[in-house]
Amino acid sequence: MKDLVTAAILALAAATALTGAPAFAQQDAPPAVTAAKADAAPSAADLLFERPQLRNTAPGATLTYDYLRRSGISKGPFGPPLNDAITLKLEPGKNPDERNIDVQMFSGQNRFPAGPFEDMPGNPVMTLFLEHHLVNLARVLEANPRYLKNAIRKGLRDRATVTPTKVTYNGREVDGWRVEAKPFEGDKLADRMRGMSNMTYTFITSSSVPGELVSIEAQSKNAEGGELLEERLSYDQKAG
């Protein structure tokens, strides 16, 4: 069984590394969802996967995202804390709103193959984060990555909340959106998730920030408040 799980995880990672397309968005972008109590708000799917997020970036620019992963689970199944960065180097694509992108996902021994991407209107760092998160979560839980992936997709489609928020950018407040989902809450296999069925995914976006992505967080805590997993990605304004 473990061999089958390992093969599925490796195949999932290869979908990003070898095809040059972020598989999470390309294959499994969730359909539109109406935000709870915010009829005028865009859907989670539109904000995260369907908008031309790179149209507000200049060819030749570099976008840098700080990455952090840490876990308090005994024996460290997620590995030691990882604090690194993902950089996207942008060049012109075929159309004005598209970019060709060279990716450096982490550094040194942490380097993870990704890209390059051609003629991308959307920001691939969103799905790069989710794919990498999913690979590690499936490995730790010895779970079918496709099952977890479908649960996240369904959670974004059916139960995500989208609310307006404010984002500090270049020393001033700009408008943004907060997307939050708990896709494993109430899942029939929640008892197999080592207490992480309460995993909360939070996305902050703003059209005023280059690439529109401000931050992503996947977080789960136990009943005592102990950190089972915290995984974060944040746009580095100082780096560009």
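Which residue in strand 4 is the bridge partner of Arg 99? The bridge partner of Arg 99 is Met 120.

This is a predicted model, in which local features need pLDDT of at least 70 and side-chain atom pairs count only at pLDDT 80 or more, while totals for chains, interfaces and linings use all residues. Residues are numbered from 1 along each chain as its sequence is written, and side-chain values use heavy atoms, with hydrogens and water left out.

**The sheet**

Nine strands (DSSP runs of E, at least two residues, numbered from the N terminus) form an open, antiparallel sheet in the order 4-3-2-1-9-8-7-6-5. Strands 4 and 5 are the edge strands, each pairing on one side only; two strands pair if DSSP finds at least two bridges between them. Strand 3 and strand 4 run antiparallel and are joined by two bridges.

| Edge strand | Residues |
|---|---|
| Strand 4 | 117-120 |
| Strand 5 | 161-169 |

**Helix 4**

Helix 4 (a DSSP run of H or I, at least four residues) covers residues 125-141. Of its 17 residues, 16 are buried, that is, under 20% relative accessible area with a 1.4 Å probe, protein chains only. Glu 142 follows helix 4 and has a positive phi, near 50 degrees.

**Asp 236**

Asp 236 lies in the segment after strand 9 (227-235). Asp 236 touches Thr 64, Tyr 65 and Asp 66, not counting residues up to four places away in sequence; contact means heavy atoms within 4.5 Å.

Technical notes:
Axes are lines fitted to C-alpha atoms, for helices over the stretch in contact, and angles run from 0 to 180 degrees between N-to-C directions. Buried means under 20% relative accessible area, exposed over 50%, partly exposed in between (1.4 Å probe, protein chains only).
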